[in-house]
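Work through the exercises below with the structure in view. Try each task before reading its solution.

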Amino acid sequence: MRINCPHCGERSLDEFSYLGDAVVRPDLASPNAQEAFYVYGYERANVAGPMQELWYHAAGCHAWLVVTRDTRTHEILDVKSAQGVALERQKAAGTAQ
């Protein structure tokens, strides 16, 4: 498997570390934070198809990436910087600064 880093170009999987599902963590300040963290940690969906994952380019530019990968075929459908994805999510939620 090869990942097309937006900063370095296409690289071998050996240069990256998989860090898990790229879902948004619950807000610690929310009134139901304890239950939300339980769901976040223990009740995740086992996706069969495209899924967003966090990857770290450890042997390259040290960028955090959000990789959309089909879990059935391991085909990589999209790669974006995690910072860009976070900004898009903030804009969508109306919390962008």
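## Exercises on a predicted model

This is a predicted model. Of the chain's 97 residues, 25% are buried.

**Exercise 1. Find how many helices and strands the chain has, and in which order they run.**

Step 1: Count the elements. There are two helices and six strands.
Step 2: Read from the N terminus. The order is β-β-β-α-β-β-β-α.

**Exercise 2. Describe how strand 1 and strand 2 are joined.**

Step 1: Locate the strands. Strand 1 covers residues 2–5, and strand 2 covers residues 9–12.
Step 2: Look at the link. A hairpin of three residues leads from strand 1 to strand 2.
Step 3: Check the pairing. The two strands run antiparallel and share four bridges.
Step 4: Pick one opposite pair. N4 faces E10 of strand 2.

**Exercise 3. Sort the side chains of strand 1: which are buried, and which are not?**

Step 1: Recall the cut-off. A residue counts as buried under 20% relative accessible area.
Step 2: Follow the alternation. I3 and C5 point to one face, R2 and N4 to the other.
Step 3: Apply the cut-off. I3 and C5 are buried, whereas R2 and N4 are not.

**Exercise 4. Work out the strand order of the four-strand sheet and name its edge strands.**

Step 1: Trace the order. The sheet is open and runs 3-4-5-6, with antiparallel pairing.
Step 2: Find the edges. Strand 3 (17–21) and strand 6 (76–81) each pair on one side only, so these are the edge strands.
Step 3: Note the twist. Ignoring direction, neighbouring strands of this sheet are turned by 30° against each other on average.
Step 4: Recall what holds such pairs. Strands of a sheet pair through backbone hydrogen bonds.
Step 5: Examine one pair. Strand 4 (residues 50–56) and strand 5 (residues 64–70) are joined by seven bridges. Q52 stands opposite T68 in strand 5.

**Exercise 5. State which strands helix 2 lies across, and at what angle it runs to strand 6.**

Step 1: Find the helix. Helix 2 spans residues 82–93.
Step 2: List the strands beneath its path. Helix 2 lies across strand 4, strand 5 and strand 6.
Step 3: Read the angle. Helix 2 runs at about 85° to strand 6.

**Exercise 6. Give the chain's box, exposed area and charge count.**

Step 1: Take the box. Along the principal axes, the C-alpha atoms fill roughly 45 × 35 × 20 Å.
Step 2: Take the surface. The chain exposes about 6,700 Å², and carbon and sulfur atoms supply 50% of that area.
Step 3: Count the charges. There are 9 positive and 12 negative side chains. The centres of the two sets lie 3 Å apart.

How values were computed: Residues are numbered from 1 along each chain as its sequence is written. This is a predicted model: local features need pLDDT of at least 70, side-chain atom pairs count only at pLDDT 80 or more; totals for chains, interfaces and linings use all residues. Side-chain values use heavy atoms; hydrogens and water are left out. Buried means under 20% relative accessible area, exposed over 50%, partly exposed in between (1.4 Å probe, protein chains only). Accessible areas come from the Shrake-Rupley method with a 1.4 Å probe; for residues, only the protein chains shown count as cover. Lys and Arg count as positive and Asp and Glu as negative; His and the chain ends are not counted. The place of a charge is taken as NZ of Lys, CZ of Arg, CG of Asp or CD of Glu. Two strands pair if DSSP finds at least two bridges between them. Axes are lines fitted to C-alpha atoms, for helices over the stretch in contact, and angles run from 0 to 180 degrees between N-to-C directions. Contact means heavy atoms within 4.5 Å.
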